[in-house]
Every structure is written in C-alpha cells, then in structure tokens.
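This report describes one protein chain, working outward from a single loop residue to the strands, the helices and the surface. The sequence and the model come first.

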Amino acid sequence: FKQKTAYEIGVRLVGSEMCIRDRYKGDVILDPFVGSGTTCKVAKDLGRSYIGIDISQEYIDIARDRLK
C-alpha cells in the first residue's frame, strides 16, 4: 500500500466530485475498485448513495475507516 500525497488526493477528490455532482440526486454510485474510498467519500459528502467493492481486505478496511 503506497501512501498518496496531498496533491494526489486533492486531484482525485476534485475529479470524483465533478463526475458525481452532475448525477441525479437519487443515483447510486458504484465503485467496483474502491481502493482507498475516494469516490465513495465524495459520494457521501454530496449526499449520494454508494457501493464500494474491492478484492483486497486491506483496502476495504482503509475505505471503511475513511468513511466513518
């Protein structure tokens, strides 16, 4: 697991927000490769429902902690 820099995280958050913000309010955001949970975090912050999936238990745990 490689720790991301603040810049990398910021770019991903902005990119994810731009994609999710334009969706309808009732949409469910599916992230089949959840990784650290960036897309789910943005979806949660924008009041969207979300589903995150990953094969790695390590990344699932990281995403869960981030979404608390």
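## Asp 54 and its loop

Asp 54 sits in the loop that connects strand E2 (49–52) to helix H3 (57–67). The model is predicted, and the values below are computed from it. Two backbone nitrogens are reached by the side chain of Asp 54: that of Gly 35, at 2.9 Å, and that of Ser 56, at 3.0 Å. Setting aside residues up to four places away in sequence, Asp 54 touches Pro 32, Phe 33, Val 34, Gly 35, Tyr 59 and Ile 60.

Ser 56 belongs to the loop between E2 and H3. With a relative accessibility of 21%, Ser 56 is classed as partly exposed, because the buried class is limited to values under 20%. Ser 56 and Phe 33 are 23 residues apart along the chain, and their C-alpha atoms are separated by 9.4 Å. Gln 57 lies in helix H3 and is partly exposed, at 46% relative accessible area. From Gln 57 to Gly 35 the C-alpha distance is 9.9 Å, across 22 residues of sequence.

## Overall fold

The chain contains three helices and two strands. Along the sequence these elements follow the pattern α-β-α-β-α. Of the contacts in the chain with a separation of 6 or more, 39% are between residues 24 or more positions apart.

How much of the chain counts as buried? The share is 22% of its 68 residues. The accessible surface of the chain is about 5,000 Å², and carbon and sulfur atoms account for 58% of this area.

## The two strands

E1 and E2 run parallel and are joined by four bridges. Within this pairing, Ile 29 stands opposite Tyr 50 in E2. Strand E1 (residues 28–31) has two faces: Ile 29 and Asp 31 form the covered one, while Val 28 and Leu 30 form the uncovered one.

Asp 31 is located in strand E1. Is Asp 31 buried or exposed? Its relative accessible area is 11%, so Asp 31 falls in the buried class, which takes values under 20%. Apart from neighbours within four places in sequence, Asp 31 is in contact with Thr 39, Cys 40, Ile 51, Gly 52 and Ile 53.

Val 28, on the uncovered face of E1, is partly exposed, with a relative accessible area of 49%. Val 28 also contributes to a nonpolar surface patch of about 360 Å², together with Leu 30, Ile 51 and Ile 53. Val 28 can be part of this patch because its 49% relative accessible area meets the requirement of over 30%. Ile 51 and Ile 53, which help make the patch, are also among the contacts of Asp 31.

## Helix H2

The buried residues of helix H2 (residues 38–45) are Thr 38, Cys 40, Val 42 and Ala 43. One of them, Cys 40, is in contact with Asp 31. Just after H2, Gly 47 adopts a positive phi of about 75°.

## Salt bridges

How many salt bridges does a search of the whole structure find? There are two. Side chains of opposite charge can pair when their charged atoms come close.

One salt bridge links Asp 45 and Lys 41, whose closest N and O atoms are 3.0 Å apart. Asp 45 and Lys 41 are four residues apart in helix H2, so about one helical turn separates them. An α-helix has 3.6 residues a turn, so residues three or four places apart point the same way. The two partners fall in separate accessibility classes: Asp 45 counts as exposed, at 53% relative accessibility, whereas Lys 41 counts as partly exposed, at 25%.

The other salt bridge is formed by Asp 65 and Lys 68, with 3.4 Å between the closest N and O atoms. Lys 68 is exposed, with a relative accessible area of 79%.

Technical notes:
Residues numbered from 1 in each chain as written. Predicted model: local features only at pLDDT ≥ 70, side-chain atom pairs only at ≥ 80, totals over all residues. Heavy atoms only, no water. Polar contact = N/O pair within 3.5 Å; in protein donor to acceptor, adjacent residues only side chain to side chain. Contact = heavy atoms within 4.5 Å. Patch = residues over 30% accessible without salt bridge, like charges linked within 9 Å, V, L, I, M, F, W, Y side chains within 5 Å. Areas by Shrake-Rupley, 256 points an atom, 1.4 Å probe, with all protein chains shown as cover. Salt bridge = Lys/Arg side-chain N within 4 Å of Asp/Glu carboxyl O. Buried < 20%, exposed > 50% of the residue type's maximum accessible area, 1.4 Å probe, protein only. Pairing = 2+ DSSP bridges.
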